[in-house]
Amino acid sequence: YAEIYRYIPVEFVVMRHSLLKLFGVSKGSLDSNVGHFILTFSILAVATIVILALRGTGLTQGNAFGVVLDFTGGIAGSITSFILPALFYLKLMPSKEKLFFPCVFMLVFGFIIMIDVPVLSVLSILGYNTR
């Protein structure tokens, strides 16, 4: 569980900004250290409650939690890391650019990963040796 706690603070900047926008609060209203601390502590408290709830229900035991992480990482990770940057580049730049073909390769690779990781996760659930 330590890796989850190490990862969450990295996302606090994005989460704080998104929550402020979601609730229509201006960024300037949180200039004080107290407001910043309360929002950050609240985000950490909610994340801790979610982690403890998952642990309490047994979803972190065995392969269940790993399967969830495989699906989200395989799909969302490939979209944000490979597919969207490649699509943006292909849309914005002319096809004569020198990075056009590496970008197409990155796009195809992203789709392969997006399909491959969930399929391998399902196969491991079904008991097939995927290693």
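In this predicted model, the largest nonpolar core consists of five residues: Ile-83, Ala-86, Tyr-89, Cys-103 and Leu-107. Two elements, α3 and α4, each give two or more residues to this core. Helix α3 supplies the largest share, with three residues. In soluble globular proteins, nonpolar side chains tend to be buried together.

Contacts of one core member, Ala-86, were examined next. Residues up to four places away in sequence were not counted. Beyond that range, Ala-86 touches Cys-103, Met-106 and Leu-107. Of these partners, Cys-103 and Leu-107 also belong to the core.

A nonpolar patch lies on the surface. Leu-84, Leu-87, Phe-88, Leu-92 and Met-93 form this patch. Together they have about 480 Å² of accessible area. One patch member, Met-93, sits in the loop between α3 (64-92) and α4 (100-125). Met-93 counts as partly exposed because its relative accessibility is 35%, a value between the 20% and 50% cut-offs.

A further site involves Arg-16, in helix α1 (residues 2-22). Arg-16 has a relative accessible area of 13%. The cut-off for a buried residue is under 20%, so Arg-16 is buried. Its neighbours within four places in sequence were left aside when listing contacts. On that basis, Arg-16 is in contact with His-36, Leu-39, Thr-40 and Ile-43.

How values were computed
Residues are numbered from 1 along each chain as its sequence is written. This is a predicted model: local features need pLDDT of at least 70, side-chain atom pairs count only at pLDDT 80 or more; totals for chains, interfaces and linings use all residues. Side-chain values use heavy atoms; hydrogens and water are left out. Helices (H or I, at least four residues) and strands (E, at least two) are DSSP runs, numbered from the N terminus. Buried means under 20% relative accessible area, exposed over 50%, partly exposed in between (1.4 Å probe, protein chains only). Contact means heavy atoms within 4.5 Å. Patches are made of residues with over 30% relative accessible area and no salt bridge: like charges are joined within 9 Å, nonpolar side chains (Val, Leu, Ile, Met, Phe, Trp, Tyr) within 5 Å. Accessible areas come from the Shrake-Rupley method with a 1.4 Å probe; for residues, only the protein chains shown count as cover. A salt bridge is a side-chain nitrogen of Lys or Arg within 4 Å of a carboxyl oxygen of Asp or Glu. A nonpolar core is a set of buried Ala, Val, Leu, Ile, Met, Phe, Trp, Tyr and Cys residues joined through side-chain atoms within 4.5 Å.
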